[in-house]
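User: I would like to learn how to read a fold from its strands, helix and core. Please take me through one case.

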Amino acid sequence: MDENNFVVKTIFHAGGNSDVLTENYFATRKEADEFCALTDYAMKLNYGAEQQLVTTVIVELCPPRPAQSTAG
C-alpha cells in the first residue's frame, strides 16, 4: 500500500487572492521535490523566468497515530 506522506499544492496568485489549483500526493519528499521542480520550470516557460503568478508548496502530512490499547 502506498502512503501519501507529502502533498504538493499548486497555487495561483492574482488580484490579491490565492487559490489552490491542484493538490498532488506523493509517498516521498524526493518525489514531491521533483514534481515542484517540474511545475516551477513549466510555469517559468509559460509566464517568464521571474513569474510569481503560480507557485508550489510542499506540505508534509502527519503520519497516522497508532491505535491506543483500551485493555486494562
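Analyst: Start with a strand pair. Strand 1 and strand 3 are antiparallel and are joined by 7 bridges. Two strands pair if DSSP finds at least two bridges between them. This is a predicted model, in which local features need pLDDT of at least 70, side-chain atom pairs count only at pLDDT 80 or more, and totals for chains, interfaces and linings use all residues. Residues are numbered from 1 along each chain as its sequence is written, and side-chain values use heavy atoms, with hydrogens and water left out.

User: Which elements does the chain have, and in what order do they run from the N terminus?

Analyst: Helices (H or I, at least four residues) and strands (E, at least two) are DSSP runs, numbered from the N terminus. Here there are 3 strands and 1 helix. The order is β-β-α-β.

User: How do strands make a sheet?

Analyst: In general, they pair through backbone hydrogen bonds, either parallel or antiparallel. In this chain, 3 strands form an open sheet in the order 2-1-3, with antiparallel pairing. Strand 2 and strand 3 are the edges, each pairing on one side only. From one strand to the next, the twist averages 25 degrees. Helix 1 packs on this sheet and touches strand 1, strand 2 and strand 3. The directions of helix 1 and strand 3 make about 170 degrees. Axes are lines fitted to C-alpha atoms, for helices over the stretch in contact, and angles run from 0 to 180 degrees between N-to-C directions.

User: How many bridges join strand 1 to strand 2?

Analyst: There are 9, and strand 2 covers residues 17-26. The two strands run antiparallel. Follow the partners: Ile-11 is opposite Val-20, Phe-12 is opposite Asp-19, and Ala-14 bridges to Asn-17. The two strands form a hairpin with 2 residues between them. In the turn, Gly-15 has a positive phi of about 60 degrees.

User: What should I look for in a core?

Analyst: Nonpolar side chains tend to be buried together in soluble globular proteins. A nonpolar core is a set of buried Ala, Val, Leu, Ile, Met, Phe, Trp, Tyr and Cys residues joined through side-chain atoms within 4.5 Å. The largest one here has 6 residues: Phe-6, Val-8, Phe-26, Ala-32, Cys-36 and Ile-58. Strand 1 (6-14) and helix 1 (29-47) each give two or more residues to this core. Contact means heavy atoms within 4.5 Å. Beyond its neighbours within four places in sequence, Ala-32 contacts Phe-6, Val-8, Phe-26 and Ile-58.

User: Why does Thr-56 count as buried?

Analyst: Buried means under 20% relative accessible area, exposed over 50%, partly exposed in between (1.4 Å probe, protein chains only). Thr-56 counts as buried because its relative accessibility is 19%. Thr-56 lies in strand 3 (residues 54-60), where it is the bridge partner of Thr-10. Not counting residues up to four places away in sequence, Thr-56 touches Val-8, Lys-9, Thr-10, Cys-36, Thr-39 and Asp-40. The side chains of Thr-56 and Asp-40 share a polar contact of 3.1 Å. Such a contact is a pair of N or O atoms within 3.5 Å; within protein, one must be able to donate a hydrogen and the other to accept it, and residues adjacent in sequence count only if both atoms are side-chain atoms.
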